[in-house]
Amino acid sequence: MKMSDRDKILSAIRQANQGLEIDRPASEGVEILAFKEPLAQACRMVEAVGGEVVRFDRPTGFDMETGLRELVEQMRPGCEVFFAINRGMDDFERRPVEVLVVAGSFLVAENGAVWVNSGQTGSASNRSLLFLAEHLMLVVGSANVVGTMHEACKRIRGDQSAYGTFISGPSKTADIEQALVIGAQGPRRMTLILT
Amino acid sequence: MTPYVGDLDAPATLQRLLRVDGVFHFAPPPMLRELAAGIKAHTLGHLDHYLEEFERAATANGAIVHWASDAKRHNELVLEILRSRGVTKLVKSKSMLTEECGLNPYLELNGIEVIDTDLGERIIQLRQEPPSHIVLPAIHLKRGDVGDLFREQLGTEAGNDDPTYLTNQARRHLRNHFLTAGAGLSGVNFAVAETGGIILCTNEGNGDLGATYPPVHIACMGIEKVLPTLDDLAVFLRMLARSATGQPATAYTSHFRGPVPGSELHIIIVDNGRTEILSKPAYRSSLQCIRCGACLNTCPVYRRSGGHSYGYPIPGPIGSILAPHRDDRRHKSLPYASTLCGSCSNVCPVKVNLHEQILHWRQDLVASGRLPIFKRLIMWKLGEIMNHRWLYDTGGWLLRKTANRIPRSLITNRLNPWTRGREMPRFPAHSFKELAKKRKHDENE
């Protein structure tokens with residue numbers, strides 16, 4: 001009987017590994033970075049990779065959403081905005097747009113990355129909006145910061161969403177003579193709004 | 001179009017320096033490298049187990065997992081998926097695996113329009129040439145070359161070679177392709193067995209756009225890409241971008257854990273010679289490679305000769321080890337194009353002993369008779385001389401007495417290829433041994 005490709009591959013692997021016992025490496029002693037000021041480090045990293053950081057202190061009496069909408073309007077007056085806070089991206093058309101505002105789960109200090117998952121963005125069918133927008137704004141609570149990717153990966157363990165991504169700054173490329181160009185094919189601008 | 005013959009010393013050095021800058025910003029590299037190497041070695045040792053776990057988890061998420069034992073089957077599978085869904089245009093982000101399998105020409109022959117969307121890949125696709133680096137495919141080109149190319153093919157302004165302008169033009173040109181393609185294809189940087197998810201690390205946004213906008217996403221991975229858990233993934237996510245370009249992270253690190261409603265996710269697991277490498281103790285650790293390109297950037301040979309000179313999609317030290325496995329007749333010269341300086345092994349984030357494997361290949365090639373006969377004869381003769389001290393000493397003495405007297409024209413001429421671009425050095429009057437003996441004698445007096 002003809003062996004399936006799957007069986008061929010698996011049996012070749014077993015053959016190659018016959019008699020070998022390679023244990024997992026010990027992970028004690030691996031220094032996990034501890035930042036004294038994780039939030040400050042995260043902001044530094046966001047700026048280092050071409051993003052902007054804006055602190056949004058909620059004015060008393062206003063609710064978060066209204067306040068944020070006003071902030072966005074201030075930053076990008078007259079632009080078309082898909083405001084996907086408290087609603088998923090599914091509510092919007094799947095097409096290029098000037099500004100997209102989305103909630104991020106948490107921030108990673110060592111590289112300024114923001115975890116954005118489809119749990120906050122609905123069914124994730126319109127996750128491509130994250131890349132079709134010209135200007136992406138990520139809203140993250142300033143208490144939601146972890147130090148390193150070790151902690152970040154632990155944190156996303158329970159995540160059941162079909163799609164999630166760590167976004168670190170705007171899109172970029174250095175493919176032409178290694179000249180760094182901010183704004184390649186994804187968003188040309190990225191703003192982190194800390195609440 | 002004249003190919004730019006690659007003196008990549010300047011651009012590769014820049015990458016090398018960027019890496020140094022990035023690597024020393026965090027945990028002492030030795031410990032993290034040790035851990036990374038250990039995780040990979042353990043995973044390879046239990047690869048069947050982890051691949052099966054990955055397949056189970058991915059399938060439970062709703063992804064469709066396929067297996068391909070060779071390039072041919074891989075290409076056929078991609079075509080089958082595309083045809084069965086009536087796809088005629090495919091957007092593709094960078095995947096060295098698909099280069100290795102020759103996917104593009106196969107699909108084009110079968111009537112599929114293939115658009116490479118990574119900027120560097122698109123540039124070389126338009127120029128109809130292969131990539132010269134695994135991270136920066138167009139590293140061999142200057143901005144003027146790209147400016148000319150875009151003027152010709154995309155109708156951009158003549159004489160404008162500003163990288164920002166050119167990138168924006170490419171963005172406009174490619175965007176429409178994303179919005180009209182029937183499917184998107186990507187590689188896989190890491191596959192996590194625990195979650196059944198695949199990880200894509202990119203900077204431009206084209207990878208994610210291509211994978212999330214069209215209704216079908218095909219992800220191609222080599223068997224060695226799997227990692228056991230998310231904790232293991234963290235180690236590699238800290239290392240990959242830093243090792244490749246000195247960035248703390250790529251702009252996008254995306255986890256695809258199954259299709260979203262209304263779309264499909266296909267994962268193709270490919271062998272294509274990897275199990276054979278796994279079965280060879282001397283070379284199996286080369287499967288730990290995460291394709292960061294650090295070895296290329298540091299290699300003095302790669303920097304001087306460029307990626308195209310290797311004649312294989314993956315150049316540099318890692319390419320010189322992988323290529324002869326593919327075809328040891330065609331690529332038999334690659335392990336010899338090395339100074340064995342060991343810088344590659346020094347920079348490798350997963351501690352592959354690259355320079356030792358290159359040396360091992362030389363031994364294997366000689367053993368299988370791949371060395372050209374002229375070289376074999378010389379090596380044999382030299383071996384004889386070196387094995388008999390009196391022959392060596394006498395021969396050397398004779399050479400020192402006579403070689404300098406031979407007329408130059410007898411040695412430096414068209415018949416002697418070694419002298420093309422080289423001058424025969426003058427032989428010294430005495431050998432080192434003679435000098436040392438004499439000095440000892442003088443001291444004792």
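Ser285(B) is buried, with a relative accessible area of 18% (buried means under 20% relative accessible area, exposed over 50% and partly exposed in between, with a 1.4 Å probe and protein chains only). The model is predicted, so local features need pLDDT of at least 70 and side-chain atom pairs count only at pLDDT 80 or more, whereas totals for chains, interfaces and linings use all residues. Residues are numbered from 1 along each chain as its sequence is written, chains are lettered from A and ligands numbered from 1 in the order in which they are written, and side-chain values use heavy atoms, with hydrogens and water left out.

Ser285(B) sits in the loop between α12 (274–278) and α13 (294–298) of chain B; helices (H or I, at least four residues) and strands (E, at least two) are DSSP runs, numbered from the N terminus. Residues up to four places away in sequence aside, Ser285(B) touches Val352(B), Asn353(B) and Gln357(B), contact being heavy atoms within 4.5 Å. From C-alpha to C-alpha, Ser285(B) and Gly319(B) are 14 Å apart in space and 34 residues apart in sequence.

Turning to the sheets, 6 strands of chain B form an open, parallel sheet in the order β1-β10-β7-β4-β2-β3, where two strands pair if DSSP finds at least two bridges between them. Its edge strands are β1 (64–68) and β3 (113–116) of chain B, each paired on one side only, and the twist averages 20° from one strand to the next. Within this chain, β2 (residues 89–92) and β4 (residues 183–186) run parallel and are joined by 3 bridges, with Val91(B) opposite Gly184(B) in β4(B). Helix α4 (residues 71–84) of chain B packs on the sheet, where it touches β1, β2, β4, β7 (216–222) and β10 of chain B and makes about 145° with the direction of β1(B); axes are lines fitted to C-alpha atoms, for helices over the stretch in contact, and angles run from 0 to 180 degrees between N-to-C directions. From the other chain, helix α1 (residues 5–16) of chain A lies across β1 and β10 (264–270) of chain B, at about 65° to β1(B).

A further open sheet draws on both chains: its 8 strands follow the order β7(A)-β4(A)-β5(A)-β8(A)-β9(B)-β6(B)-β5(B)-β8(B), with mixed pairing. β7 of chain A and β8 (226–227) of chain B each have a single partner strand, so one side of each is left without a neighbour in the sheet. β4(A) and β5 (residues 113–117) of chain A pair in the antiparallel sense over 3 bridges, and Leu107(A) has Val114(A) as its bridge partner in β5(A).

Helix packing also links the chains. α1(A) and helix α3 (residues 47–61) of chain B pack at about 145°, with axes 8 Å apart. Arg6(A), Leu10(A), Ile13(A) and Arg14(A) of α1(A) meet Leu47(B), Asp48(B), Leu51(B), Glu52(B) and Glu55(B) of α3(B).

Within chain B, the axes of α7 (residues 119–127) and α8 (residues 143–154) come within 11 Å and cross at roughly 65°. α7(B) and α8(B) are therefore roughly perpendicular to each other (angles under 35 degrees count as roughly parallel, over 145 as roughly antiparallel, 65 to 115 as roughly perpendicular and the rest as oblique).

In helix α2 (residues 38–48) of chain A, the buried residues include Leu39(A), Ala42(A) and Val46(A). Gly50(A), which follows α2(A), has a positive phi near 95°.
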